[in-house]
Amino acid sequence: MSIRIYRNKEFELLDDVYDPGEDSYLLVEAALKEIKPGDRVLEVGTGSGVVSLFIKDISPYVVATDISPIACRNARINEVQAIRADLFSGICSRFDLIIFNPPYLPTVPEERLETWLDRAFNGGLTGRKEIERFVKDIDRILSPGGRVLTVISSITGIGETEALFKEKGFRMETVATEKVPFEKLVVLKFSR
Ligand SMILES: C[S@@+](CC[C@H](N)C(=O)[O-])C[C@H]1O[C@@H](n2cnc3c(N)ncnc32)[C@H](O)[C@@H]1O
């Protein structure tokens, strides 16, 4: 277990849980600009809970999920209400804002890790495996007029990701970008 600090807030990080990076903090900043008090928010793939931890300061209606049991325990230690679920399976409510920092790196089988941390990085061969599954069923839990915020890399394919959402009638807006070595991170907002 170790401690991380962002915006003067301390939070805990367990072993085998995604160590928040530029992508996490870019998403925190974009979420803080996007969220309205009273928004019902779902964060998919919460990891340590870092994004929800900051969202909670603006709206108390925040629920998070993660496929990794260790991540769920970590998020709960950080006082984020976390449910173990594959994306949002088993969740029946509707949300005004859905946030997801997915595993977005193209990954070949030989690169797979043998721990739960694999799920934080492994975006399948295209990098879009989890995003594709996420978009497919999103309307079941997104409120009418709801918004989606997601962070991906230029390596994931921004145009390809836009096309997945466009098929479902969403339009895309790039709300934050950051250049890091070898790639560009972008926070994308999808709405109708
Ligand atoms: C890149 S990490 C992001 C963690 C955290 N939100 C952050 O920004 O620091 C992706 C997270 O998504 C989780 N994840 C991957 N596939 C998932 C799925 N199908 N359902 C739920 N969570 C998933 C991973 O376990 C991991 O915690």
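This is a chat about the strands and the ligand site of a predicted model.

Student: Okay, which strands make up the sheet, and in what order?
Tutor: The order is β5-β4-β3-β6-β7-β9-β8, in an open sheet of seven strands with mixed pairing.

Student: Which ones are the edge strands?
Tutor: Those are β5 and β8, and each of them pairs on one side only. On average, neighbouring strands of this sheet are turned by 20° against each other, with direction ignored.

Student: Let's look at β4. Buried or exposed?
Tutor: Buried: five of the five residues of β4, which covers residues 62-66, fall in that class, so the strand is largely enclosed by the rest of the structure.

Student: Which residues sit on which face?
Tutor: Val62, Ala64 and Asp66 are on one side, Val63 and Thr65 are on the other, and all of them are buried, so to speak of a bare face here would be wrong: both are covered. In a regular strand the side chains alternate between the two faces of the sheet.

Student: What does β4 pair with?
Tutor: On one hand there's β3, residues 41-44, which runs parallel to β4 and is joined to it by four bridges. In that pairing Leu42 stands opposite Val63. Then there's β5, residues 82-84, also parallel to β4, with three bridges between them. There, Asp66 stands opposite Arg84.

Student: And how does the chain get from one of those strands to the next?
Tutor: Through helices. β3, helix α2 (residues 50-55) and β4 make a right-handed β-α-β unit. Another right-handed β-α-β unit is made by β4, helix α3 (residues 69-77) and β5.

Student: Switching to the ligand. Which residues come nearest?
Tutor: Ser24, Gly45, Asp66, Asp86 and Leu87 come nearest, out of 21 residues around the ligand. You've met Asp66 already, as one of the buried residues of β4.

Student: What polar atoms lie by the ligand's nitrogens?
Tutor: Glu43 has a polar side-chain atom 3.1 Å from a nitrogen atom of the ligand. For Asp86, a polar side-chain atom lies 2.8 Å from a ligand nitrogen. Leu87 comes in through its backbone, with a polar atom there 2.6 Å from a nitrogen atom of the ligand.

Student: How much of the ligand does the protein bury?
Tutor: The protein buries 99% of the 600 Å² that the ligand exposes when taken alone.

Student: New topic: where does Asp96 lie?
Tutor: Asp96 is in strand β6, which spans residues 95-100.

Student: Why does Asp96 count as buried?
Tutor: Because its relative accessibility is 16%, and the cut-off for buried is under 20%.

Student: What does its side chain contact?
Tutor: The Asp96 side chain makes a polar contact with the side chain of Ser143, at 3.3 Å.

Student: So what about β7?
Tutor: β7 runs over residues 142-153 and is mostly covered, with ten of its twelve residues buried. β6 and β7 run parallel and are joined by five bridges. Phe100 stands opposite Thr150 of β7 in that pairing.

Student: How does β7 pair with β9?
Tutor: In the antiparallel sense, over six bridges. Thr150 has Leu188 in β9 as its bridge partner.

Student: And β8 with β9?
Tutor: Those two are antiparallel too, over nine bridges, with β9 covering residues 183-191. Here the bridge partner of Thr174 is Leu188 in β9. So Leu188 turns up with Thr150 and with Thr174.

Technical notes: Residues numbered from 1 in each chain as written. Predicted model: local features only at pLDDT ≥ 70, side-chain atom pairs only at ≥ 80, totals over all residues. Heavy atoms only, no water. Buried < 20%, exposed > 50% of the residue type's maximum accessible area, 1.4 Å probe, protein only. Pairing = 2+ DSSP bridges. Right-handed = clockwise from strand over helix to strand, strands pointing away. Near = heavy atom within 4 Å. Polar contact = N/O pair within 3.5 Å; in protein donor to acceptor, adjacent residues only side chain to side chain. Areas by Shrake-Rupley, 256 points an atom, 1.4 Å probe, with all protein chains shown as cover. Axes fitted to C-alpha atoms, helices over the stretch in contact; angles between N-to-C directions.
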